[in-house]
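Thanks for making time. I have one structure to go through, and I will keep to what can be read from the coordinates.

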Amino acid sequence: MANSATPTGVFAVQCPNPRCRKYMLVEDHDRGNVVPCLLCKTAIRVGGAPAKDAAATPRS
Ligand SMILES: [Zn+2]
């Protein structure tokens, strides 16, 4: 990600759905939350590593 124009406190997350992969901007206070993808409604874990296997770790 080479986008230096991103405002402070906002960062990008990528939809984990392999058929979607949309990048969305979320605000820093959403870190640690799960937000729905705007396109496919897949739950996206904000912050940390991408949730490849959501059922594996209830909390980290
Ligand atoms: Zn999506």
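Let me start with the contacts. Taking those in the protein chain with a separation of 6 or more, 18% are between residues 24 or more positions apart. Keep in mind that this is a predicted model.

On confidence, the mean pLDDT of the protein chain is 80, and 67% of the residues reach 70 or more. Among the elements, strand β1, residues 10-14, has the lowest confidence, at a mean of 91. Strand β3, residues 34-36, has the highest, at 94. As a general caution, predicted coordinates should not be read in detail where pLDDT is low.

Now the secondary structure. The chain has 4 strands and 0 helices, so the pattern along the sequence is β-β-β-β by the DSSP runs. Of the 60 residues in the chain, 3% are buried.

Which residue would I take as an example of a buried one? Ile44, in strand β4, is buried because 24 C-beta neighbours lie inside 10 Å, and the cut-off for that class is 20 or more. Beyond its neighbours within four places in sequence, Ile44 is in contact with Val13, Cys15, Pro16, Val34, Val35 and Cys37. Take Pro16 from that list: Ile44 and Pro16 are 28 residues apart in sequence, and their C-alpha atoms are 6.8 Å apart.

Val13 is on the list too, so let me turn to that residue. Val13 belongs to strand β1. It has 19 C-beta neighbours inside 10 Å and therefore counts as partly exposed; buried would take 20 or more. Setting aside neighbours within four places in sequence, the contacts of Val13 are Met24, Val26, Ile44 and Val46. For Val26, the C-alpha to C-alpha distance to Val13 is 7.1 Å, with the two positions 13 residues apart in sequence terms.

The next residue is Cys37, another contact of Ile44. Cys37 sits in the loop between β3 and β4. Is it buried, exposed or partly exposed? Partly exposed, because the number of other C-beta atoms within 10 Å is 18. Leaving out neighbours within four places in sequence, Cys37 is in contact with Cys15, Asn17, Cys20, Lys22, Met24, Thr42 and Ile44. There is also a C-alpha distance to give here: Cys37 and Gln14 are 23 residues apart along the chain and separated by 8.8 Å.

Last, the backbone angles. Where does a positive phi turn up in a residue other than glycine? One case is Lys41, with phi near 70°. Lys41 is in the loop between β3 and β4, where β4 covers residues 43-45. Lys41 counts as exposed because it has 11 C-beta neighbours inside 10 Å.

Arg21 also has a positive phi, about 60°, and is not a glycine. This residue is in the loop between β1 and β2, with β2 at 23-27. Arg21 has 12 other C-beta atoms within 10 Å, so it is exposed; the exposed class takes 12 or fewer.

To go back over the residues: Ile44 in strand β4 is buried, Val13 and Cys37 are partly exposed, and Arg21 and Lys41 are exposed. That is what I have for today.

Conventions:
Residues numbered from 1 in each chain as written. Predicted model: local features only at pLDDT ≥ 70, side-chain atom pairs only at ≥ 80, totals over all residues. Helix = DSSP H or I, 4+ residues; strand = E, 2+ residues; numbered from the N terminus. Contact = placed C-beta atoms within 7 Å. pLDDT = per-residue confidence, 0-100.
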